[in-house]
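Here is a short report for a reader meeting this structure for the first time. Look over the sequence and the model, then read on.

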Amino acid sequence: MEEPGPLCLACAELEHLVFLGRGDAALTRRAKAASKLWAVVIRFSRSRKRYERQGLLVQEHALKKA
């Protein structure tokens, strides 16, 4: 991971974004393209010993547009 490491939404000033879970690639692409600010949500899997993508945080208007 890059510095400073994992952060909570309030600490990263991203609490105004909404969560879009993984699973629908087309919706994810459209929402990411329409959003000026987005962030990838990841979680560490102990069994696989790697980080796994859980979804995206995008702006609410971009999600509605997508």
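## Arginine 43

Arginine 43 is exposed, because its relative accessible area is 52% and the exposed class starts over 50%. This value, like the others here, is computed from a predicted model.

Arginine 43 is found in strand E2, which covers residues 39–45. Leaving aside residues up to four places away in sequence, arginine 43 touches Arg50, Tyr51, Glu52 and Gln54. Arginine 53 is ten residues from arginine 43 along the chain. The C-alpha atoms of this pair are separated by 6.6 Å.

## Phenylalanine 44 and the nonpolar patch

Phenylalanine 44 also lies in strand E2. Its relative accessible area is 41%, so phenylalanine 44 is partly exposed.

Which residues make the nonpolar surface patch? They are Trp38, Val40, Ile42, Phe44 and Tyr51. The patch comes to about 460 Å². Strand E2 gives the largest share of the patch, with three residues. Tyr51 of the patch is also one of the residues that arginine 43 touches.

## The overall fold

The protein has two helices and three strands. Read along the sequence, they follow the pattern β-α-β-β-α. The C-alpha trace spans about 35 × 25 × 15 Å along its principal axes.

The protein has 66 residues, and buried residues make up 24% of them. The exposed area is about 5,200 Å². Carbon and sulfur atoms supply 52% of that area. Consider next the contacts with a separation of 6 or more. Residues 24 or more positions apart account for 49% of these.

## Charges and salt bridges

The protein carries 13 positive and 7 negative side chains. The centres of the two sets lie 10 Å apart. How many salt bridges are there? The count comes to two.

One salt bridge joins arginine 48 and glutamate 52. Their closest N and O atoms are 2.9 Å apart, and the cut-off for a salt bridge is 4 Å. Is glutamate 52 buried or exposed? Glutamate 52 is buried, because its relative accessible area is 16% and buried means under 20%. Arginine 48 has a relative accessible area of 53%, so arginine 48 is exposed. Glutamate 52 is also among the residues touched by arginine 43.

## The salt bridge in helix H2

Lysine 64 forms a salt bridge with glutamate 60. Here the closest N and O atoms are 3.7 Å apart. Both residues lie in helix H2, which covers residues 60–65. Lysine 64 and glutamate 60 are four residues apart, about one turn of the helix.

Lysine 64 counts as exposed because its relative accessibility is 68%. Glutamate 60 has a relative accessible area of 44%, so glutamate 60 is partly exposed.

## Aspartate 24

Where is aspartate 24 placed? Aspartate 24 sits in the loop between strand E1 (18–21) and helix H1 (25–34). With a relative accessible area of 41%, aspartate 24 is partly exposed, because that class lies between the 20% and 50% limits.

Cysteine 8 is 16 residues from aspartate 24 along the chain. The C-alpha atoms of aspartate 24 and cysteine 8 are separated by 25 Å.

Technical notes. Residues are numbered from 1 along each chain as its sequence is written. This is a predicted model: local features need pLDDT of at least 70, side-chain atom pairs count only at pLDDT 80 or more; totals for chains, interfaces and linings use all residues. Side-chain values use heavy atoms; hydrogens and water are left out. Buried means under 20% relative accessible area, exposed over 50%, partly exposed in between (1.4 Å probe, protein chains only). Contact means heavy atoms within 4.5 Å. Patches are made of residues with over 30% relative accessible area and no salt bridge: like charges are joined within 9 Å, nonpolar side chains (Val, Leu, Ile, Met, Phe, Trp, Tyr) within 5 Å. Accessible areas come from the Shrake-Rupley method with a 1.4 Å probe; for residues, only the protein chains shown count as cover. A salt bridge is a side-chain nitrogen of Lys or Arg within 4 Å of a carboxyl oxygen of Asp or Glu. Lys and Arg count as positive and Asp and Glu as negative; His and the chain ends are not counted. The place of a charge is taken as NZ of Lys, CZ of Arg, CG of Asp or CD of Glu.
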